[in-house]
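Got the model open in your viewer? Grab the selection tool and let's take a walk through it, one stop at a time.

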Amino acid sequence: MFDRKRILPIAPPKNILVIRWDGKLGDAIVSSFFYREAGKLKDITVTVITTPELAEFHRDHFGAQRVLISPANPGLADLCKLARQLCNIDTVVHLVGTIRARELLFLYLIKPLNVFSHDDDIGWVNGKMRAATASLAFWEKYAFVLRQLGATDIDGSYRIPDSLSRSVHERERRPRVVFNPFASRPDKSLSEVKAICLLRRIAERVPDWEVSILYRPDTHGDALAMKHAAACPNIVLAASILTFADAISAVREASLVISVDTGFVHIADGLNKSLVAICPQIGHEFNPWLPRSSPHTRIVYCVQDLLTYRRTAKKDMDNFDDDDVVSAIEAVLATVEMAPG
């Protein structure tokens, strides 16, 4: 009922709307350069819809000219309210695999000329990206949209929000590994047993370094239990992680980041940190969320059981060998030691 019946060619943009109401930090970081590069186009205004926790990042650091605040994954009433705040939007960037029914109503209400999405079956979507960008990393998908809108010489470097520096005392501490065993869901995280075993291996590999466990406020108790169970003198909790900005500060101060969560993988990537990313491998599927290639980055893959994953849609992020992480640490440290200066 609310879908567009006729596919239109891409029209020149003037007012672009980027939908980022998922509230995911990593996804926001990957798209952060879009606002800077879209701003280079003539007479373009870029609006973003995002969650309260990420509004300041988009406004003060990413460069969105207008920021509308929404709850994560808004309901029908929220979408109708948002639609009333928007006028003359001609281009929508909503890079999801499936556009939901209530989102179709939202598009019907704002009536854009262009919609970029992976949901190629929707009539509103004339910037069809499922097949066209199937082999591209997610940051490259945003670059694809920019090229379709007329941008050239695209700088894809992420814009990592500046954050308050920690005290001079903290900054002068010994080298630090930031270890993040937590992700947005339990099945995307390491189990407590696996995290404790890996913590011990990391602490033994770099005994003169501080190994700092990163956490969210709701996983602070789990992180504290891991620290006590690992029982290594150089393992600590990251200090006062209450907001996204606090977490970014912790990553900024790291000498090495080891993370199972793609959000902090992308932050470390954007800050050019030495990085060991623990990532799922689902058969031969291309993973668009991998970090960008760098001499200081290594990826440890968790091979997923395809039958279990297809049946449950849940991942097993424990399915890797701790020795592979230690080898990745050694490889990354070797590149740092060989770097000039």
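Start by selecting Lys 111, which comes right after helix α5 and has a positive phi, near 50°. Keep in mind as you click around that this is a predicted model. Most residues other than glycine have a negative phi. Lys 111 is not a glycine, yet its phi is positive at about 50°. You'll find Lys 111 in the loop between α5 and β5. Is Lys 111 buried, partly exposed or exposed? With a relative accessible area of 48%, Lys 111 counts as partly exposed.

Now step back into the helix and select residues 101-110, which make up α5. Which residues of α5 are buried? They are Glu 103, Leu 104, Leu 105, Phe 106, Leu 107 and Ile 110. An α-helix has 3.6 residues a turn, so residues three or four places apart point the same way. To see what covers the buried residues of α5, show its surroundings: β1, β2, α4 (76-84), β4 (91-93) and β5 (114-117) are included.

Several of those strands belong to the next stop. Colour the open sheet of six strands, whose order is β3-β2-β1-β4-β5-β6, with parallel pairing. The edge strands are β3 (66-69) and β6 (127-128), each pairing on one side only. Zoom in on β2 (residues 45-50), which pairs with β3 in the parallel sense over four bridges. Select Thr 47 there and look across to β3: Arg 66 stands opposite.

Next, jump to the segment before β1 (15-20) and pick Asp 3. Which residues does Asp 3 touch, once neighbours within four places in sequence are left aside? The contacts are Leu 104, Asp 121, Ile 122, Gly 123 and Trp 124. Try a distance label between the C-alpha atoms of Asp 3 and Trp 124: they are 6.2 Å apart in space, though 121 residues apart in sequence. Show the side chain of Asp 3 too. One of its polar atoms lies 2.8 Å from the backbone nitrogen of Gly 123, and the side chain of Asp 3 also reaches the backbone nitrogen of Trp 124, at 3.1 Å.

Your next selection is β7, residues 176-180, where five of the five residues are buried. Turn on the side chains: Arg 176, Val 178 and Asn 180 point one way, while Val 177 and Phe 179 point the other way. Strand β7 runs parallel to β8 (residues 210-213), joined by four bridges. Select Val 177 and find its bridge partner in β8, Val 211.

Then head for the loop between α1 (25-30) and α2 (32-38) and select Ser 31. Ser 31 counts as buried because its relative accessibility is 0%. Beyond its neighbours within four places in sequence, Ser 31 is in contact with Arg 20 and Tyr 142.

For a contrast, select Ser 240, in the loop between β9 (235-237) and α10 (244-252). Ser 240 is exposed, with a relative accessible area of 54%. Its phi is near 50°, a positive value in a residue other than glycine.

Last stop: the empty space inside. Rolling a probe the size of a water molecule over the atoms shows where empty space is left. How many cavities of 30 Å³ or more are there? The count comes to one. The largest cavity holds about 30 Å³ of space. To frame it, select the lining: Val 30, Ala 137, Phe 138, Trp 139, Tyr 158, His 266, Pro 288, Trp 289 and Leu 290. Eight of these lining residues are nonpolar, one is polar and none is charged.

Conventions:
Residues numbered from 1 in each chain as written. Predicted model: local features only at pLDDT ≥ 70, side-chain atom pairs only at ≥ 80, totals over all residues. Heavy atoms only, no water. 1 Å grid on protein atoms, 1.4 Å probe; cavity = no way out; pocket = protein on both sides within 12 Å on 5 of 7 lines; lining within 4 Å. Points joined across faces, edges and corners; volume = space filled by probe spheres on them. Nonpolar A, V, L, I, M, F, W, Y, C, P; charged D, E, K, R; others polar. Helix = DSSP H or I, 4+ residues; strand = E, 2+ residues; numbered from the N terminus. Buried < 20%, exposed > 50% of the residue type's maximum accessible area, 1.4 Å probe, protein only. Contact = heavy atoms within 4.5 Å. Pairing = 2+ DSSP bridges. Polar contact = N/O pair within 3.5 Å; in protein donor to acceptor, adjacent residues only side chain to side chain.
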